[in-house]
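Open the model in your viewer and keep the selection panel at hand. The stops below follow side-chain pairs and then a helix packing.

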Amino acid sequence: MERAPEPHAGWTFLTNHSRVLATIAQDHTTRVRDIAARCRLTERAVQKIIADLEEGGYLTHVREGRSNVYRITSGTILRHPADAPATVAELLAVLVRHESSHAAPDAEARDQV
């Protein structure tokens with residue numbers, strides 16, 4: 001049974017589409033269930049977002065056995081005119097967490113918070 005995501009009031013910096021895309025960028029074989037848990041969305045919402053991203057040309061998938069393997073079309077230009085000519089690859093470079101980013105923030109970053 002699908003668990004409802006935790007409620008959130010107010011605005012956020014990232015869209016659900018960017019969260020899903022960043023999650024897929026970290027693991028191209030991730031399951032919809034895992035994306036939903038990480039992004040705190042329902043599986044149905046994730047399926048809709050993946051369909052949107054595929055329809056927009058940002059993502060494709062191939063079936064390998066019982067799993068999907070996703071491919072991000074990194075050269076695709078972001079949709080909003082204010083974001084042009086930024087590409088998906090440039091967005092993901094900012095969003096995707098790399099192993100080195102899990103280290104404690106440096107003193108300067110802490111001072112700015």
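A salt bridge here is a side-chain nitrogen of Lys or Arg within 4 Å of a carboxyl oxygen of Asp or Glu. This is a predicted model, in which local features need pLDDT of at least 70 and side-chain atom pairs count only at pLDDT 80 or more, while totals for chains, interfaces and linings use all residues. Residues are numbered from 1 along each chain as its sequence is written, and side-chain values use heavy atoms, with hydrogens and water left out.

**Salt bridges**

The rule gives three salt bridges. Select Arg-31 and Asp-34: their closest N and O atoms are 3.0 Å apart. Accessibility is graded by relative accessible area: buried under 20%, exposed over 50%, partly exposed in between (1.4 Å probe, protein chains only). Asp-34 is partly exposed at 33%, and Arg-31 is partly exposed at 47%.

Next, select Arg-33 and Glu-43, a salt bridge with 3.6 Å between the closest N and O atoms. This pair links distant parts of the chain, 10 residues apart: Arg-33 belongs to helix H2 (residues 32-39) and Glu-43 to helix H3 (residues 43-55). Helices (H or I, at least four residues) are DSSP runs, numbered from the N terminus. Glu-43 has a relative accessible area of 24% and is therefore partly exposed.

Stay in H3 and select Lys-48 with Asp-52, whose closest N and O atoms lie 2.7 Å apart in a salt bridge. About one helical turn separates the two, because they are four residues apart in helix H3. Asp-52 counts as partly exposed, at 25% relative accessibility.

**Aromatic pair**

Which two residues form an aromatic pair? Select Trp-11 and Phe-13: their ring centres are 4.8 Å apart and the planes meet at 75°, an edge-to-face arrangement. Rings of Phe, Tyr and Trp (its six-membered ring) pair if their centres lie within 6.5 Å; planes under 30 degrees apart count as stacked, over 60 as edge-to-face and the rest as tilted. The structure holds one such pair. Trp-11 is exposed at 63% relative accessibility, and Phe-13 is exposed at 75%.

**Helix packing**

Finally, select helix H1 (residues 16-26) and helix H4 (residues 88-95), which pack at about 80° with axes 10 Å apart. The two are therefore roughly perpendicular (65 to 115 degrees). Show side chains for Ser-18, Leu-21, Ala-22 and Ala-25 in H1, which meet Val-88, Leu-92 and Leu-95 in H4; contact means heavy atoms within 4.5 Å.

Methods. Axes are lines fitted to C-alpha atoms, for helices over the stretch in contact, and angles run from 0 to 180 degrees between N-to-C directions. Angles under 35 degrees count as roughly parallel, over 145 as roughly antiparallel, 65 to 115 as roughly perpendicular and the rest as oblique.
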